Amino acid sequence: MTLFDVYSLFDVTPQKASGCRVWDDKGNEYLDLYGGHAVISIGHSHPRYVKAVSEQLGKIGFYSNSVQNPLQQELADRLGEMGGYPEYSLFLDNSGAESNENALKLASFHTGRDRIVAFRKSFHGRTSGAVSVTDNPSIVSPFNANHKVSFCDLNDAQQVEDILKKGDVAGVIIEGIQGCGGINIPETSFMQELSALCRRYGAVLILDEVQSGYGRSGKFFAHQWYGIKPDLITMGKGIANGFPCGGVLISPEFKAAKGMLGTTFGGNYLAMAAAIAVLDIIRDENLIENALKVGGHLRKVITSHPHIKEVRGLGLMTGIEFNTEVAPIRSELLYGKHIFTGVSGKNMIRLLAPLCLTEAQADIFGTALREILEK
């Protein structure tokens with residue numbers, strides 16, 4: 001049997017990792033500035049994280065959601081306190097895409113409506129509903145395209161209002177910072193107007209914080225930079241540092257009904273142990289503050305160059321837009337300098353380092369990029 005060939009693979013086979021470092025099967029050491037698509041939040045193989053998951057596995061690893069699991073409430077309490085939403089409810093699932101699916105469903109249940117407003121250059125996942133609100137036609141099948149979705153330009157409130165006026169919009173979904181679309185940061189005035197429009201027309205505001213949440217922007221959630229309070233907040237990626245986990249924070253205005261949402265693996269014991277450890281480490285090691293400080297330093301060490309069009313980002317979420325294709329640059333960073341990076345489209349290097357990145361490690365990248373561009 002062969003693997004279904006859908007991934008473009010680099011010729012690197014990681015064997016172990018620690019903090020922001022990764023070693024391959026040949027013993028080569030790499031600096032990880034991508035965190036496996038923003039999944040590694042507290043760093044690889046953190047001793048407290050490993051201990052928490054290992055100890056939980058020795059007790060009980062899984063049972064279904066038909067029994068009480070006190071770890072779920074423990075996570076909810078800590079997340080409410082650290083995230084600033086103690087009055088919200090938490091629904092637990094397995095991934096960011098599943099979180100967005102559940103948020104879209106909740107918005108439709110809550111309003112009785114069937115249309116969603118999304119934004120161009122958005123990415124919300126690859127499952128049926130999530131991919132239908134993703135602005136990437138190459139991954140939207142004819143089946144997915146049957147959903148009622150209207151796309152607007154980021155920062156254009158008038159386009160949104162023109163659609164909301166029709167009265168059939170269940171919700172508006174937007175990323176705290178567009179990640180795959182190019183590290184596009186919404187304007188504060190737009191986000192505040194968007195929030196007001198949703199209230200005026202009875203639409204649910206869904207903040208996708210799957211990539212931009214959990215401290216990555218320098219606040220717990222990126223939308224907190226804009227001074228707004230959404231109805232639903234979706235999470236995934238960094239919530240459990242690599243163990244599959246996701247969740248939706250739900251406003252008190254939403255009423256739960258038995259059987260409305262469900263999941264087999266969501267909220268399992270191992271995921272909860274991992275997620276609780278992540279929150280404890282973020283708090284105790286001041287990783288949100290570190291993300292803000294080191295992220296700012298990282299952008300400063302990226303020197304100006306004729307090939308660099310713009311550098312933008314918040315915290316440890318950085319995009320370097322080039323006026324040339326970046327595939328050769330990324331390849332040289334990986335194979336020549338042993339640095340993992342990501343991309344957004346053909347012209348942007350995307351950096352999503354673990355929140356424990358140091359300024360010295362940021363300097364390594366700045367030097368490496370400068371040497372590559374000077375060739």
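Two strands are said to pair if DSSP finds at least two bridges between them, and by that rule strand 2 (residues 21–24) pairs with strand 3 (residues 29–32) in the antiparallel sense, over three bridges. The model described here is a predicted one. It contains an open sheet of seven strands and an open sheet of four strands, and a search of the whole structure finds zero disulfides. The points below take up the sheets, a hairpin, the cysteines, the cavities and a few single residues in turn.

**The seven-strand sheet**

- Strands of a sheet pair through backbone hydrogen bonds, and they do so either parallel or antiparallel.
- In the open sheet of seven strands the order is 4-10-9-8-7-5-6, and the pairing is mixed.
- Strand 4 (89–93) and strand 6 (149–152) stand at the edges of this sheet with a single partner strand each, so one side of each is left without a neighbour in the sheet.
- From one strand to the next, the twist of this sheet averages 20°.
- Strand 7 (residues 169–175) and strand 8 (residues 204–208) run parallel and are joined by five bridges, and in this pairing Ile173 has Ile206 of strand 8 as its bridge partner.

**The four-strand sheet**

- The open sheet of four strands follows the order 1-2-3-13, again with mixed pairing.
- Its edge strands are strand 1 (14–18) and strand 13 (339–340), each of which pairs on one side only.
- Within the antiparallel pair of strand 2 and strand 3, the bridge partner of Val22 is Tyr30 in strand 3.

**Strand 15 and its partners**

- In a regular strand the side chains alternate between the two faces of the sheet.
- In strand 15 (residues 348–351), Met348 and Arg350 point one way while Ile349 and Leu351 point the other way, and all of them are buried.
- Strand 12 (residues 317–322) runs antiparallel to strand 15 and is joined to it by four bridges, with Leu351 of strand 15 as the bridge partner of Thr318.
- Strand 14 (residues 342–344) also runs antiparallel to strand 15, here joined by three bridges, and Ser344 has Met348 of strand 15 as its bridge partner.
- The hairpin of strand 14 and strand 15 has three residues between the strands, and in this hairpin Gly345 takes a positive phi near 70°.

**Cysteines**

- Because a disulfide is a pair of cysteine sulfur atoms within 2.5 Å, the sulfur of Cys152 is too far for a bond, lying 11 Å from the closest cysteine sulfur, which is in Cys198.
- Cys152 counts as buried, since its relative accessible area is 0%.
- Cys356 is likewise in no disulfide, the nearest cysteine sulfur being that of Cys20, which is 3.7 Å away.

**Cavities**

- The count of cavities of 30 Å³ or more comes to two.
- The largest cavity has a volume of about 50 Å³, and the residues that line it include Ala38, Ser41, Val210, Tyr214, Arg216, Lys237 and Leu355.
- By class, the lining of this largest cavity has four nonpolar, four polar and two charged residues.
- The second largest cavity has a volume of about 40 Å³, and among its lining residues are Tyr63, Asn65, Val67, Gln72, Asn268 and Tyr269.
- The lining of the second largest cavity has three nonpolar and seven polar residues, but no charged residues.

**Single residues**

- Most residues other than glycine have a negative phi, and most peptide bonds are trans.
- Ser45 has a positive phi of about 50° although it is not a glycine; Ser45 lies in the loop between helix 1 (35–38) and helix 2 (47–57), where it is partly exposed, with a relative accessible area of 44%.
- Lys237, which is one of the residues lining the largest cavity, has a positive phi of about 40° although it is not a glycine.
- Lys237 is found in the loop between strand 9 (232–235) and strand 10 (246–250), and it is partly exposed, with a relative accessible area of 25%.
- Ala273 is found in helix 8 (residues 269–284) and counts as buried because its relative accessibility is 10%, a value under the 20% that marks the limit for buried residues.
- The C-alpha atoms of Ala273 and Gln68 are separated by 15 Å, with the two residues 205 residues apart along the chain.

Notes
Residues numbered from 1 in each chain as written. Predicted model: local features only at pLDDT ≥ 70, side-chain atom pairs only at ≥ 80, totals over all residues. Heavy atoms only, no water. 1 Å grid on protein atoms, 1.4 Å probe; cavity = no way out; pocket = protein on both sides within 12 Å on 5 of 7 lines; lining within 4 Å. Points joined across faces, edges and corners; volume = space filled by probe spheres on them. Nonpolar A, V, L, I, M, F, W, Y, C, P; charged D, E, K, R; others polar. Buried < 20%, exposed > 50% of the residue type's maximum accessible area, 1.4 Å probe, protein only. Helix = DSSP H or I, 4+ residues; strand = E, 2+ residues; numbered from the N terminus. Axes fitted to C-alpha atoms, helices over the stretch in contact; angles between N-to-C directions.
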